Structures are given as C-alpha cells and as structure tokens.
Amino acid sequence: MLTEARRRELSALLQPVAPPRQLDALYTEEQKRRMLDVIHDKGDWKLIIAQHFPTAESLIATFAGGFPEGFEPTLDMFLTPTFRGFFANYSATLYPELHDLFYNERFLAYARSYWGAEYAKPQMMLFNINGPCGNKDPGHLDSPSFRGVRYENAPTWLCSIMGRSGLFQDYLIKMAQVITWFSHDPYSGFTYWPKGPLEAPERLASPVYNRGVLVQNEMMVHRGEACGPLDRQNPQGLGFDSVFTGAAGDPDGWVVKTDGREIARYHTDDLRFLVHWSSEVFMDYAELKKNMDGSDDLTFDRVFDTLIKDVRSRGMEIATPTDPISDPAFIKALNDAYDYGGPAEYPAEAPRDQVFADAV
Ligand SMILES: [Fe+2]
C-alpha cells in the first residue's frame with residue numbers, strides 16, 4: 001500500500017484536460033436505427049471482457065485498487081453480460097453505411113474545442129450493448145496511447161500503467177471522446193471523477209437517452225452504473241464465450257447465447273446501448289506531423305526501463321523480467337507501484353456497493 005501522499009499525487013495526475021461537457025441530442029432516430037441494424041445483422045458480438053483481457057492480472061491492472069488485502073480476484077468476478085463491437089477502427093469505418101457517423105463534423109468540432117486544438121481526426125468508434133446488467137467495475141480508465149506505444153500494438157495493462165504513472169505525458173496521444181447512451185433505465189447513470197479518483201465524483205444522471213459526455217476518458221476514472229431489474233442482471237449460463245446478436249426476423253429482438261443456446265432475450269427498449277466515438281487531437285500542425293512521422297516515438301524497451309527505474313527509485317522492489325509483456329509478477333508489481341487505491345467516494349444515488357455485489 002502506498003502512502004497517502006503518494007496516492008494523492010497519483011490521483012491528481014488523473015484529471016482530464018477540461019471538465020467533461022454534457023451533450024444532448026447526439027444522433028437522429030434514423031442514425032440510431034442504422035447503428036442498431038448493423039449490430040442486429042452483423043454479429044455475433046463477444047463480451048467486453050472476453051475481447052480485451054486474456055488474464056485476471058491484465059484486467060486487474062486497469063482497475064488499480066479496490067480489493068481488500070488478501071482478496072484474490074479472478075476473472076469470473078468481473079463477468080457481466082455486456083457486449084462490444086467496433087463500428088470503426090484505425091480511422092477507417094468498418095461498415096460503409098455508418099461512414100457519416102464516424103466522420104462526424106459536429107463531433108470533430110467538439111473534439112477540437114475541448115482541447116482548443118487546430119486539428120482532429122476520427123480514430124475509433126465502438127458500441128457496448130446489454131440488457132439488464134450488474135456493475136462490477138469500481139471505476140476505470142480507458143486505454144491511453146502514446147507515440148510508439150499505442151493501444152493498437154501494446155497490451156491494455158501496459159497502456160493503463162503508463163497513463164497512471166504520469167511518466168510519459170509528453171508522449172500521450174491527445175484524445176477526445178463523445179460517449180452517448182440510449183437507455184430508458186431510471187437508475188442507470190454514469191459516474192466520473194473529474195478531479196481525480198480520490199476527490200468527489202460527479203454523475204450524468206439517468207435516464208440517459210441520446211445524451212452523453214465529451215470527455216478525455218484515458219485520464220479520468222469513470223464507470224457505467226448497473227442497469228435493469230436485479231433479478232435479470234446475471235443471466236444463468238453466462239460464460240466467457242457468450243455472444244450477443246439480433247433475434248432472427250425481429251429487428252427489435254436481441255438474444256444472448258452460450259454455445260448456441262439462448263440464455264436471455266431482450267427488446268430494444270430493455271437495452272442500454274452505448275456509442276463511444278473517439279478522435280485524436282493535435283494542437284497544431286507540428287504535433288500532427290510528429291504523431292504521424294514517427295520522429296519522436298517511445299520504444300517498449302525505453303518504457304520498461306523508465307518504469308523499472310522509477311519504481312526502484314521509490315524504494316520498491318521489482319525484478320527485471322525476461323518477458324515483461326506477459327509476466328504476471330511484473331505486471332502486479334507495476335500495478336501496486338502506481339495504485340492510487342480506488343475511488344474514495346461514490347455518488348449517493350449510485351453507491352459503491354453496486355460493485356462486487358455478488359462477488360465477495
Ligand atoms: Fe471506459
């Protein structure tokens with residue numbers, strides 16, 4: 001456990017460039033339908049966790065704290081029926097029918113104004129979709145990217161620790177996201193900690209339907225809250241290989257399947273559908289050029305070297321790993337070294353006991 005002063009220092013690093021802005025009426029009904037049609041017809045879609053985290057350590061590294069001493073978390077404890085897919089990635093639209101939603105002029109203007117920057121380009125667009133769903137997330141950061149070490153070529157846990165360490169700020173890719181929800185749930189909002197996770201949270205209050213936030217979610221701890229009736233939040237038979245897809249012949253029908261067997265069925269009105277639009281931002285032409293020409297990139301060796309030296313300089317022990325990318329002991333040591341200790345406070349309307357409610 002780090003000292004209080006050090007945890008406060010780490011917490012203070014985690015502040016977005018500007019306070020989140022709440023936004024309304026982000027998509028038209030027709031645009032929403034086009035997105036849902038892609039999800040309905042182009043699945044199956046996997047669980048978020050199954051796509052992004054091969055091991056418990058790598059998952060836990062993105063959470064930093066939140067576990068009592070001696071508590072051994074396993075991946076099962078994070079299993080919730082929430083699914084993800086990509087509409088666009090690597091600045092390309094993966095479904096031509098969604099081109100105008102990705103190369104979205106209004107959203108690009110938001111991204112530039114959030115940073116006061118000259119240039120922005122769309123980078124990625126994904127969706128999270130679920131019916132009633134528990135929340136086991138104490139609060140997390142999205143995976144940041146750095147020049148040379150990006151979410152595209154590095155594991156989530158490494159990008160996360162690089163962001164939390166504050167050691168690579170000069171290389172951070174500036175980003176802005178427009179996150180939009182379509183949910184009729186009266187209780188499910190969005191909690192975020194704009195002044196750092198050890199300071200007071202704020203909340204986008206429910207219901208959140210075609211509303212959202214303009215944010216820098218790589219540098220701000222946040223979480224979606226639980227949604228839907230408690231008795232439907234954990235469908236029987238949910239596993240890592242469960243998938244989400246449209247019900248045949250019913251554009252407003254949705255099913256969760258495990259090994260081809262239907263374990264849950266929802267109507268569109270039961271869904272919480274989140275659209276995450278993300279752009280890279282460049283303050284000026286010099287920064288744009290530097291980001292694209294590779295003239296000022298980090299290397300993995302330099303990153304590991306910098307982290308190991310920093311940890312040792314703080315009087316903590318860390319063994320030099322032979323395979324730093326996938327050595328669980330190394331990942332855990334780094335995680336502990338940059339652990340701000342979990343959010344200190346939760347909103348009264350969305351208490352912490354949503355978290356791990358059925359896991360401990
Ligand atoms: Fe996130």
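This section describes the iron site and the packing of helix α7 in a predicted model.

The iron ion is held by three residues, with H140 and H222 each donating NE2 and D142 donating OD, at 2.1 to 2.2 Å. Along the sequence these donors follow the spacing H-x1-D-x79-H. Distant parts of the chain are thereby linked: H140 lies in the loop between β5 (119-130) and α7 (156-165), whereas H222 belongs to strand β10 (residues 221-224), 82 residues apart. H222 has a relative accessible area of 4% and is therefore classed as buried, the limit for this class being under 20%.

Helix α7, which follows the loop that carries H140, packs against helix α10 (residues 328-337) at an angle of about 25°, with an axis separation of 10 Å. Because angles under 35 degrees count as roughly parallel, α7 and α10 are assigned to that class. Their crossing is left-handed. On the α7 side the contact involves W157, I161 and R164, and on the α10 side F330, I331, L334 and N335. Five of these residues are nonpolar, one is polar and one is charged.

A further contact joins α7 to helix α9 (residues 300-313), where the axes come within 12 Å and cross at roughly 50°. The two helices are therefore oblique to each other, and this crossing is left-handed. W157, L158, I161, M162 and S165 of α7 meet F300, V303, F304 and L307 of α9. Eight residues of this contact are nonpolar and one is polar, with no charged residue present. W157 and I161 of α7 are listed in the contact with α10 and also in the contact with α9.

Key:
Residues numbered from 1 in each chain as written. Predicted model: local features only at pLDDT ≥ 70, side-chain atom pairs only at ≥ 80, totals over all residues. Heavy atoms only, no water. Donors = N, O, S within 2.8 Å, 3.2 Å for Na, K, Ca; no water. Helix = DSSP H or I, 4+ residues; strand = E, 2+ residues; numbered from the N terminus. Buried < 20%, exposed > 50% of the residue type's maximum accessible area, 1.4 Å probe, protein only. Axes fitted to C-alpha atoms, helices over the stretch in contact; angles between N-to-C directions. Parallel < 35°, antiparallel > 145°, perpendicular 65-115°, else oblique. Left-handed = near helix turned anticlockwise from the far one by under 90°. Contact = heavy atoms within 4.5 Å. Nonpolar A, V, L, I, M, F, W, Y, C, P; charged D, E, K, R; others polar.
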